[in-house]
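Welcome, and please have your viewer ready. We will go from stop to stop, with a selection to make at each one.

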Amino acid sequence: MQVEVGAIVEGKVTGLTNFGAFVSLPDGKTGMVHISEVAPTYVKEIRDYLKENQEVKVKVLSVGQDGRVSLSIKRAMEQQRPQQQRQRQGGQRRSSPPVWQGSRPVQTENLSFEDMMARFKQISDEKITDLKRSSESKHGGGFSRRGNGSNR
């Protein structure tokens, strides 16, 4: 079976790197999912989202002349959401409370629980990093007591 651009297929994660994941496809080829195509949120550490031998649905973005296959998990999820919403016909939709990032709300209605937790973790890590930077600059950062004019 030849992979076609735009097709959504199932594959298995065969390797993880700092920049993405390699996925074995049904036709025997291997494609790569760039880290920016793993999830709809910022992905700092790919191992927080994927693990080896995990089954994933991917969308084929391109097939190069050299045989390289570019894949996206994020776009495969986006394409499946409208289908899931059509299947829900007539059911009332509960709206989730807004998630705040900094001083602005972030859309969460189409995010899964895992995506919301990943976003929460990311925001928490950023706040902790900012807090550490702030406290380090107050308690160090080149302050010197020499030359203050006092004789001790």
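**First stop: a pair of charges**

Start by selecting Asp 66 and Arg 68, whose side chains form a salt bridge with the closest N and O atoms 3.4 Å apart. The term salt bridge here means a side-chain nitrogen of Lys or Arg within 4 Å of a carboxyl oxygen of Asp or Glu. Asp 66 is exposed, at 57% relative accessible area, and Arg 68 is exposed too, at 64%. For these labels, buried is under 20% relative accessible area, exposed is over 50%, and partly exposed is in between, with a 1.4 Å probe and protein chains only.

**Before going further**

What you have open is a predicted model, in which local features need pLDDT of at least 70 and side-chain atom pairs count only at pLDDT 80 or more, while totals for chains, interfaces and linings use all residues. Residues are numbered from 1 along each chain as its sequence is written, and side-chain values use heavy atoms, leaving out hydrogens and water.

Now colour the chain by pLDDT, the predictor's confidence in each residue, from 0 to 100. The mean for the chain is 78, and 70% of the residues reach 70 or more. Select residues 91–96 and you will find pLDDT below 50; beyond near neighbours in sequence, this stretch has seven contacts in the model. A contact means heavy atoms within 4.5 Å.

**The whole chain**

Switch to a cartoon view. The chain has two helices and seven strands, following the pattern β-β-β-β-β-α-β-β-α along the sequence. These elements are DSSP runs numbered from the N terminus: helices are H or I with at least four residues, and strands are E with at least two. Of the 152 residues in the chain, 25% are buried.

**Strands and a hairpin**

Select strand E4 (55–63) together with strand E1 (8–16). E1 and E4 pair in the antiparallel sense over five bridges; strands count as paired if DSSP finds at least two bridges between them. Look for Lys 12, whose bridge partner in E4 is Glu 55.

Add strand E5 (69–72). This strand also pairs with E4 in the antiparallel sense, over four bridges, and Lys 59 has Ser 72 as its bridge partner in E5. E4 and E5 form a hairpin with five residues between them, and Gly 67 in the turn has a positive phi of about 95°.

**The nonpolar core**

Which residues touch the most other members of the largest nonpolar core? Select Leu 25, Leu 50, Val 58 and Leu 71, which do so within a core of 20 residues. A nonpolar core is a set of buried Ala, Val, Leu, Ile, Met, Phe, Trp, Tyr and Cys residues joined through side-chain atoms within 4.5 Å. E1, strand E2 (20–24), E4 and E5 each supply at least two of its residues. In soluble globular proteins, nonpolar side chains tend to be buried together.

Zoom in on Leu 25: leaving out residues up to four places away in sequence, Leu 25 touches Val 3, Val 9, Gly 31, Val 58, Val 69 and Leu 71.

**Glu 37 and Arg 75**

Is Glu 37, in the loop between E3 and E4, buried or exposed? Glu 37 counts as buried, at 10% relative accessibility. Beyond four places in sequence, its contacts include Leu 61, Leu 71 and Arg 75.

Select Arg 75 next, in helix H1 (residues 73–87). Arg 75 is partly exposed, at 37%, and sits 7.4 Å from Glu 37, C-alpha to C-alpha, with their positions 38 residues apart in sequence. Among the residues that Arg 75 touches are Lys 59 and Leu 61.

**Last stop: helix H2**

Select residues 113–138, helix H2. Its 26 residues should span 38 Å at 1.5 Å a residue (1.5 Å times one less than the number of residues), and the end C-alpha atoms are 38 Å apart, which agrees. Buried residues in H2 include Asp 115, Ala 118 and Ile 123.

Six salt bridges are found in the whole structure. One of them joins Asp 48 and Lys 121 at 3.9 Å, N to O. Asp 48 lies in the loop between E3 and E4 and Lys 121 in H2, so this pair ties together parts 73 residues apart in sequence. Another joins Arg 133 and Asp 130 at 3.6 Å; both lie in H2, three residues apart, about one turn of the helix. To finish, select Asp 48, Lys 121 and Asp 125, which salt bridges with shared partners join into one network.
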